[in-house]
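I open this notebook to record what I looked up in the structure. The entries follow the order in which I consulted it.

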Amino acid sequence: MIQTEGFFSLYKGLVPSILSVAPSGAVFYGVYDILKSAYLHSPEGQKRLKYMSHHGQELNALDQLELGPIRTLVYGAIAGACAEFATYPFEVVRRRLQLQVRATKMSALVTCVKIVEQGGIPALYAGLFPSLLQVLPSAAISYFVYEFMKIVLKVE
């Protein structure tokens, strides 16, 4: 690639990748926190917190999860799906930029406009379903491990 397209061809798609990092993290953590807060302020969540405070020392680490194991996994998966849906167009543009040859080199914005012109807004979400199949378990496990390790390491 360096010989045929130059050194900077190694960085095709860098701009959309960088631009997607902040929104992805904001949506990922924001959605999880909203879901967690809504549950903990619900009657069911209040009941769980009260139960945990009464039986704190005798609970194992899994039972100490504020949301419980299943809800932690589900909320993590939902947060991951929302983040993926919000930032997936950046991935489509990045991939298209990486496939460009030197003769047809376009900017990220022009590439995005071209994708929409050719296939409409749905074209920005082409391949989302297979991507979600990878993201859902990954996000769910990430949040589960995060919450579990906070308990094990006694981090507030």
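Entry 1, terms and basis. I take buried to mean under 20% relative accessible area, exposed to mean over 50%, and partly exposed to mean in between, with a 1.4 Å probe and protein chains only. I note that this is a predicted model, in which local features need pLDDT of at least 70, side-chain atom pairs count only at pLDDT 80 or more, and totals for chains, interfaces and linings use all residues. Residues are numbered from 1 along each chain as its sequence is written, and side-chain values use heavy atoms, with hydrogens and water left out.

Entry 2, confidence. I read pLDDT as the predictor's confidence in each residue, from 0 to 100. The protein has a mean pLDDT of 89, and 97% of its residues reach 70 or more. I count helices as DSSP runs of H or I with at least four residues, and strands as runs of E with at least two, numbered from the N terminus. Which element has the lowest mean pLDDT, and which the highest? Helix α1 (residues 2–5) has the lowest, at 76, and α6 has the highest, at 94.

Entry 3, the pair α2 and α6. Two packed helices are described by the angle between their axes and the distance between the axes. I looked up helix α2 (residues 14–40) and helix α6 (residues 128–152), whose axes come within 13 Å and cross at roughly 65°. Axes here are lines fitted to C-alpha atoms, for helices over the stretch in contact, and angles run from 0 to 180 degrees between N-to-C directions. The crossing of α2 and α6 is right-handed. By the convention used, a crossing is right-handed if the near helix is turned clockwise from the far one by less than a right angle, and left-handed if anticlockwise.

Entry 4, residues between α2 and α6. Contact means heavy atoms within 4.5 Å. From α2, I list F28, Y29, Y32 and K36, which meet A139, Y143, E147 and K150 of α6. By class, this contact of α2 with α6 holds 5 nonpolar, no polar and 3 charged residues. Ala, Val, Leu, Ile, Met, Phe, Trp, Tyr, Cys and Pro count as nonpolar, Asp, Glu, Lys and Arg as charged, and the others, Gly among them, as polar.

Entry 5, two residues of α6. Is E147 buried or exposed? E147 counts as buried because its relative accessibility is 7%. Setting aside residues up to four places away in sequence, E147 touches Y32, K36, L65 and T72. F144 also has its place in helix α6, and F144 is buried, with a relative accessible area of 18%. Beyond its neighbours within four places in sequence, F144 is in contact with L62, L65, P69, T72 and L73. The C-alpha atoms of F144 and G76 are separated by 7.4 Å, although the two residues are 68 apart along the chain.

Entry 6, helix α4 (residues 69–99). P89 lies in this helix and counts as buried, at 15% relative accessibility. Which residues does P89 contact, leaving aside its neighbours within four places in sequence? They are L124 and Y125. The C-alpha atoms of P89 and L124 are separated by 4.8 Å, with the two positions 35 residues apart in chain numbering. I70 is found in α4 as well; I70 is exposed, with a relative accessible area of 64%. I70 and I121 are 34 Å apart, C-alpha to C-alpha, and 51 residues apart in sequence.

Entry 7, helix α5 (residues 108–119). Q118 is found here and counts as exposed because its relative accessibility is 57%. From Q118 to L40, the C-alpha separation is 46 Å, and the two are 78 residues apart along the chain.

Entry 8, backbone. Most residues other than glycine have a negative phi. K154, which is not a glycine, has a positive phi of about 60°. K154 lies in the segment after α6 and is exposed, with a relative accessible area of 72%.

Entry 9, cysteines. How many disulfides are there? A disulfide is a pair of cysteine sulfur atoms within 2.5 Å, and the count comes to 0. C82 is partly exposed at 31% relative accessibility, and C112 is partly exposed at 24%.
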